[in-house]
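Visitor: I am new to this structure and would like a close look at a single part of it, namely the links between its side chains. Please take me through them slowly.

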Amino acid sequence: MKKRQLTLLAVTAAASMVVLAGCGSGGGGGTEAESADFTTSPSGTLNAWGFDNADEVGTSRLDYAKEQLKDVDIKIDQTAFDAQKFTTRAASGKVPDVVQMDRRFVATYAAQGLIMPLDKCYSAHSAKPTDLYYQSVVDDITFDGKVWAVPQFYQPPAIILNKRVMDAAGVTADQIDTSKPDVLLDAIGKMYKESGGNPSVLGFDPVSTGQGGLWVLGLGGQLTDSDGKPTLDDPKNEKALDLLKKINDAQGGYAKVKSFTDTFDTFGDKNQYVTDQVGAQVNAQWYVNVLTPYIDKVDIGAVPFKDSDGQPFAVASGTSFVIPTGAKNADAACAWALDLTSQDAWMAAAAARNKTIESTPGAINTGLFTGSPKADQAIREKYVKKSGNEGFDQTIATFYDVVNSGKSFGASPAGQSIENEMNNAISSTLLGDKSAKQALAEAQKAAQRAYDNAMAGK
């Protein structure tokens, strides 16, 4: 696959986070949402919003779904999701029939009554979410005892190693162990280099705010309770922030680490693995695609992120399809979303991706991580072959190994606020402005206000 295509794939996968604008609460789904009829033979016009800048994985699935719904005239607004645009359209009553959005924030719209519960949608098609998707993915879209979306994709994180930097420092893969802070910090110290008082090589980039939820949950904390209420001030959350501070302080401090990582040519020819600017870094699975064009210029491996008990740990992430309350053709929307995420659709996508890879000399098939364990396994068995590069093969295998150990961030109507406030608390702690306990307490107050506002009227 050409470098530009691989970078586009990675950017598309990474750009799943959305910013939600505030809007009035509608109380978690009204009569109109509950009374929608779903069948296995939809017809009429379907107005969809999604698939901005779709690659062959997207277009092949769109073609498949269109073929299944011969009696439906499908019209798609292929622009990026915009929260303000969505809430404005919802307020006017002029909504699409189906919308693609990051599933981290599905519960927000569910609590506000802006989207429909889809339990009846699944039932009409004899589908059961827990049979179709990883449990962590199902947890992402479950709120108030109901399922609100049809999910797609699941990008598990792991730690990609730069074996050149590690070998030069005498560090082995087993020392990059997040469950053993003392061992990890010792390895970081051996790999870290500075120039003029600033980092020139990071032993380990923990991606402190970008992967903050992974650290908090992985080290035994929690972001929400079972009802979606924020729990940022849970004392167990302090462990992650304290360890992140030690990791950053061992490498010049968070301000210098952040300034250094901001200079990385992450998607380019001089990325941090080509230029040996990191010994190890937390990355989502899509980043392996970024590195494949540089197979002759990098020497990589991977290890899982480990929880406090030393077990592999991952967090769920990805997008989903929701049906707005007031959709004119919810029946077709339901069928279309399920067709797009069916086993056959994913196999069509995998075939299209493999065709592109086979036509590009030296390209590597890293697999597809769909949100469906059956699809993931089938795609891996059919298309993910030995590349001839042991490091890449081991890295690809590591991401497949960790995908089953995923945990949901927690479905909450204050999802965006919880994430933002968690990152603010992490930054304040790492900069030394506040203790972890103080920063998390303040973050909790702000997140709780957002939660109370979102749940007003319920």
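How many salt bridges does the structure hold?

Guide: This is a predicted model, and the structure in it holds 14 salt bridges. One of these is formed by aspartate 55 and arginine 353, whose closest N and O atoms are 3.1 Å apart. To find the two partners, look for aspartate 55 in the loop that runs between β1 (44–49) and α3 (56–68), and for arginine 353 in helix α16 (residues 343–358); the pair links distant parts of the chain, the two residues being 298 residues apart. Both ends of this salt bridge are out of the way of the surface in the sense used here, since aspartate 55 is buried and arginine 353 is buried as well.

A further salt bridge joins arginine 104 to glutamate 419, with 3.9 Å between the closest N and O atoms. Here too the pair links distant parts of the chain, for arginine 104 sits in the loop between β3 (98–102) and α5 (106–111), whereas glutamate 419 belongs to helix α19 (residues 415–430), 315 residues apart. Arginine 104 has a relative accessible area of 11% and is therefore buried, and glutamate 419, with a relative accessible area of 16%, is buried too, because the cut-off for that word is under 20%.

The salt bridge between lysine 245 and aspartate 249 can be followed within one helix, and the N to O distance between their side chains is 2.9 Å. Lysine 245 and aspartate 249 are four residues apart in helix α12 (residues 238–249), so about one helical turn separates them. Lysine 245 counts as partly exposed, at 25% relative accessibility, and aspartate 249 also counts as partly exposed, at 41%. Returning to aspartate 55, salt bridges that share partners join Asp55, Glu56 and Arg353 into one network.

The loop between β1 and α3, where aspartate 55 was found, also holds phenylalanine 51. The phi of phenylalanine 51 is near 60°, which is a positive value in a residue other than glycine. This deserves a second look because most residues other than glycine have a negative phi. Phenylalanine 51 is buried, its relative accessible area being 6%. Aspartate 144 likewise has a positive phi, near 55°, and is a residue other than glycine; it is placed in the loop between β4 (142–143) and β5 (146–147). Unlike a buried residue, aspartate 144 counts as partly exposed, at 48% relative accessibility.

There remains a link of another kind, for the structure has one disulfide. Cysteine 121 and cysteine 334 form this disulfide, with their sulfur atoms 2.0 Å apart, and the link is right-handed, with 90° about the S-S bond. Cysteine 121 lies in helix α6 (residues 119–124) and cysteine 334 lies in helix α15 (residues 330–340), so the disulfide ties together parts that are 213 residues apart in sequence. Cysteine 121 counts as buried, at 0% relative accessibility, and cysteine 334 is buried with a relative accessible area of 1%.

Notes:
Residues are numbered from 1 along each chain as its sequence is written. This is a predicted model: local features need pLDDT of at least 70, side-chain atom pairs count only at pLDDT 80 or more; totals for chains, interfaces and linings use all residues. Side-chain values use heavy atoms; hydrogens and water are left out. A salt bridge is a side-chain nitrogen of Lys or Arg within 4 Å of a carboxyl oxygen of Asp or Glu. Buried means under 20% relative accessible area, exposed over 50%, partly exposed in between (1.4 Å probe, protein chains only). A disulfide is a pair of cysteine sulfur atoms within 2.5 Å.
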